[in-house]
Amino acid sequence: VAHPISGTISSASFHPQQFQYTLDNNVLTLEQRKFYEENGFLVIKNLVPDADIQRFRNEFEKICRKEVKPLGLTVMRDVTISKSEYAPSEKMITKVQDFQEDKELFRYCTLPEILKYVECFTGPNIMAMHTMLINKPPDSGKKTSRHPLHQDLHYFPFRPSDLIVCAWTAMEHINRNNGCLVVLPGTHKGSLKPHDYPKWEGGVNKMFHGIQDYEENKARVHLVMEKGDTVFFHPLLIHGSGQNKTQGFRKAISCHFASADCHYIDVKGTSQENIEKEVVGIAHKFFGAENSVDLKDIWMFRARLVKGERTNL
């Protein structure tokens, strides 16, 4: 079980000038800041109220039943059930992302409880960059409900990475049995590694890229979380999730935030070029985008200012 703090430290032994991944404010305790600095993640217990989570669940169910169709929303299905005969329901959909045009789901990105902590990593000018509600399905037996170990920065064409953070909130009890997050503490201090599809016999879901050369013996932490618990983590932190061995659907809602002072980069010639080609190809297929579109254009469409002033992004 991951805790928001690890032991006690004295302020005399850890000075503010040593902080690289957190910013000065009065929200995080010294212990919490040091934990994030060393590990690249921080769990805040019982952060999002039950009433909000129920509202997000209700809206997701409406999307599944096609009662609402938000502009720009991407609906994903598990590779093993994408051609199923299920009637419109949560059994068909494993993830919805880019819900920035859905006012009800986008409330998550503007919750004061969330932004209070996000500002500790991004500063006061905050952009919501990528939104997801994950509905991990019961595994079909082919282990496709797993998510390979990866770094989220692989998908993002903007920097600096230290001003980007993910907020990921459990919508119910999550443990190893239904596929909790697994993180490799301290890996946020490394560099962005090459990603590609893992060679899994049962198949891999669309855009589930994974790291090819991580240290298999490196210590892992499984994040057992209760409904409303929220983990904040760095985009270079290596993480993934296991298969869902239960008969239920494991739900979580998340958003990646970045400082509006971040800047876009050209990913051509870098390890991110493969994901750019895939994302742009999907945009061409589903949205009829022109050939000149690139990863920057797609992310600019997704970005929404949620606090402060818009600057570079």
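Here a colleague asks a modeller about the strands, the cavity and a pocket of this structure.

Colleague: What kind of model is this, and how are residues numbered?

Modeller: This is a predicted model, where local features need pLDDT of at least 70, side-chain atom pairs count only at pLDDT 80 or more, and totals for chains, interfaces and linings use all residues. Residues are numbered from 1 along each chain as its sequence is written, and side-chain values use heavy atoms, with hydrogens and water left out.

Colleague: What makes β4 a mostly covered strand?

Modeller: Strands are DSSP runs of E with at least two residues, numbered from the N terminus, and β4 spans residues 126–136. Buried means under 20% relative accessible area with a 1.4 Å probe, protein chains only. Eleven of the eleven residues in β4 are buried, so the strand counts as mostly covered.

Colleague: How do you know that β4 pairs with β14?

Modeller: Two strands pair if DSSP finds at least two bridges between them. β4 and β14 (residues 250–259) have ten bridges and run antiparallel, so they pair. Met132 of β4 has Ser254 as its bridge partner in β14, and Met132 also stands opposite Gln97. Three antiparallel bridges join β3 (residues 95–97) to β4, and three more antiparallel ones join β4 to β16 (residues 304–307). In that pairing with β16, Ala128 stands opposite Arg304.

Colleague: Why is the space lined by Gln100 and Phe106 called a cavity?

Modeller: On a 1 Å grid over the protein atoms alone, a cavity is a set of points where a 1.4 Å probe fits but cannot get out, and lining residues have an atom within 4 Å of a point. The search found one cavity of 30 Å³ or more. Its volume, the space filled by probe spheres set on grid points joined across faces, edges and corners, is about 30 Å³. Ala128 is among the lining residues, and β4 gives the most, with four residues.

Colleague: What makes the second largest pocket a pocket rather than a cavity?

Modeller: A pocket is an open set, with protein on both sides within 12 Å along at least five of seven lines. The second largest pocket has a volume of about 520 Å³. Of its 26 lining residues, the closest to the centre are Arg146, His147, Trp200, Arg220 and Ser241. β5 (147–150) and β10 (210–211) each supply at least two lining residues, and β5 has the largest share, three.

Note on methods. Buried < 20%, exposed > 50% of the residue type's maximum accessible area, 1.4 Å probe, protein only.
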